[in-house]
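User: Hello! I am new to this structure and would love a close look at one part of it. Could you walk me through the salt bridges and then show me how they fit into the rest?

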Amino acid sequence: MAITENIKSNLKETREAHPEQDGLPTPQRYLAIATLLLIIAISVIDSSITNIALPTISKDLNIAPASAVWIVNAYTITIIATLLPFSSLAEKIGFKRLLRIGIIIFLIGAIGSMFADTLSHLITTRIIQGLGCSALMSIFGGLVRHIYPRRQLALGISLNAMMVGASSLLSPSLGAFIIGIASWHWIYGFAIPLSIITFVMTTYVPRVKRIDKRFDYLSAVLNALALGGFIAALDLIFSQPILSGIFLAISILATYFLYRRCLEQDTPLVPFDLLKIVSFRDAVIVSSMSFACASLTMISTPFYFQSGLNMSPTTVGLLFSSWPIATLIVAPITARLSNKYPASILAGLGSLMMAISLACLLLLPVDSPAIYFGFCLFGAGLGFGFFQTPNNKAILLSAPPHRASATGGMQSTARLFGQCIGTALVAVCFTLSTENGHYYGIMLACIVISLASLVNLSRYLRKTDVSVF
């Protein structure tokens, strides 16, 4: 309770020291919301649309599937390695300026990917797109904090969650439709006109007060080596163990020197200072765990349905639609509940719902009707949606308002880090057993989200939740 009171006092002092309007006035607020939601849609669709096209790209470029996977890996590693540096840069140059720079970089990468004719060309342009997407994602949380009044912050988070869910639902269908009527190159072309429209709409994005500080280039490099090296090590752990070990050693050393450097700074590039806030640290940890669970489930379950249960790809696609649909349904409900109840309780119930749904998925007889498996995924999607809004609200409100950019960057980094860890754990499961790897992956997802539920219970018992005030 003392920790909570101290954080409330710090937030009050910060607001007095940095007087600013509580959200944007209407109608600018609505136009800024529309801009943010469009940016989220573009980034989410672009992040996942390549997955559906990988077999086609592999065949067209005459490359092995293992090599084609690096089209996705290079993009993901680029984002996770640069998110926090971009968040720090936003505090120095301003949210609006970085947003426009990110859109331009993303647009250049999209045009380059559209005309790629070799693997190296495509990987290079996807890295450029990843840089642009990272710049955009780094300020999502900060923009929410400055667009919405505090009383509507949960609404803003739920709208973002609904857009993420809708975009995730649309992405596979959109990718399949584009490939069905045109070359795979056009999966990157769809974002070009939308990016131009978004650039024009950035006029309505709020101008956030900048922090006068020098950009820490050394910390940016160390952060890229620490996170990028760790994810690369996980991706290569079985295919190239020696190279994986080298990347892991680089990651450990970079993390050590980065930590030592950040301890000496007031507003470090990697916000280790914010991790001293117990509620913030706990919310970041359980966020990573929930996304690791989601990644484990999303990758393992299709193999389980097709290889273990002999379902058709069409049936699997329909069943998987139940997860984002459930998330869309529950998001506005949790937005209201998060204004009345502690995030730890709501997030704990959501993670428990996910754990029970995944356990039921594993325990269902193999000859059960397909719709039963769909109900299990629907329940997991409800739990995931029930978890995300209050937990993200806890992350954003636990830190001082003038650190909104660093807070948003940490939020996005936690999500991507969890997704990457989940993907790597799936590879471990399939290495242990090619035949039963999908079963182990879902079981591991159930264990991870159960642990997250325990962490949420611990947050409530320790009274470190500051999302309701």
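Analyst: Happy to help; the salt bridges come before the wider setting.

Please keep in mind that this is a predicted model. The structure holds two salt bridges. One of them joins Asp46 to Arg126, and the closest N and O atoms of this pair are 3.2 Å apart. Asp46 sits in helix H2, which covers residues 28-60, while Arg126 belongs to helix H5, residues 119-137. With their positions 80 residues apart in the sequence, the two link distant parts of the chain. Are these partners buried or exposed? Asp46 is buried, because its relative accessible area is 0% and the cut-off for buried is under 20%. Arg126, at 1% relative accessibility, counts as buried too.

The other salt bridge brings together the side chains of Arg261 and Asp216, at 3.0 Å from N to O. Arg261 lies in helix H11, and Asp216 is in the loop between helix H9 (191-201) and helix H10 (217-236), so this pair ties together parts that are 45 residues apart in sequence. Asp216 is buried, with a relative accessible area of 9%. Arg261 has a relative accessible area of 30% and is therefore partly exposed, a class that lies between the 20% and 50% cut-offs.

Helix H11 is worth a second look. It spans residues 241-262 and also contains Ser251. Ser251 has a relative accessibility of 5%, so this residue counts as buried. Leaving aside residues up to four places away in sequence, Ser251 touches Leu225, Ala226, Gly229 and Phe230.

Now let us turn to the surface. A nonpolar patch there covers about 900 Å², and its members include Ile237, Phe238, Val428, Tyr440 and Met443. Helix H17 (404-432) and helix H18 (437-461) each supply at least two of the patch residues. H18 gives the largest share, with six residues. Met443 is located in H18, and this residue is partly exposed, with a relative accessible area of 34%.

For a covered helix, look at H16. This helix runs over residues 370-398, and its 29 residues reach 42 Å from the first C-alpha to the last, close to the 42 Å expected at 1.5 Å a residue. H16 is mostly covered, as 23 of its 29 residues are buried.

Finally, here is the whole chain. Its secondary structure comes to 18 helices and zero strands. The radius of gyration is 21 Å, close to the 23 Å that the globule rule gives for 469 residues, so the chain is as compact as a globular protein of that length. Along the principal axes, the C-alpha atoms fill a box of roughly 60 × 50 × 45 Å. Buried residues make up 55% of the 469 residues. Among contacts with a separation of 6 or more, 85% are between residues 24 or more positions apart. The accessible surface of the chain comes to about 19900 Å², and 69% of that belongs to carbon and sulfur atoms.

To return to your request, the salt bridge of Asp46 and Arg126 connects helices H2 and H5, whereas the salt bridge of Arg261 and Asp216 connects helix H11 with the loop between H9 and H10.

Note on methods. Residues are numbered from 1 along each chain as its sequence is written. This is a predicted model: local features need pLDDT of at least 70, side-chain atom pairs count only at pLDDT 80 or more; totals for chains, interfaces and linings use all residues. Side-chain values use heavy atoms; hydrogens and water are left out. Helices (H or I, at least four residues) and strands (E, at least two) are DSSP runs, numbered from the N terminus. Buried means under 20% relative accessible area, exposed over 50%, partly exposed in between (1.4 Å probe, protein chains only). Contact means heavy atoms within 4.5 Å. Patches are made of residues with over 30% relative accessible area and no salt bridge: like charges are joined within 9 Å, nonpolar side chains (Val, Leu, Ile, Met, Phe, Trp, Tyr) within 5 Å. Accessible areas come from the Shrake-Rupley method with a 1.4 Å probe; for residues, only the protein chains shown count as cover. A salt bridge is a side-chain nitrogen of Lys or Arg within 4 Å of a carboxyl oxygen of Asp or Glu. The radius of gyration is taken over C-alpha atoms; the globule rule is 2.2 Å times the number of residues to the power 0.38. The expected span of a helix is 1.5 Å times one less than its number of residues.
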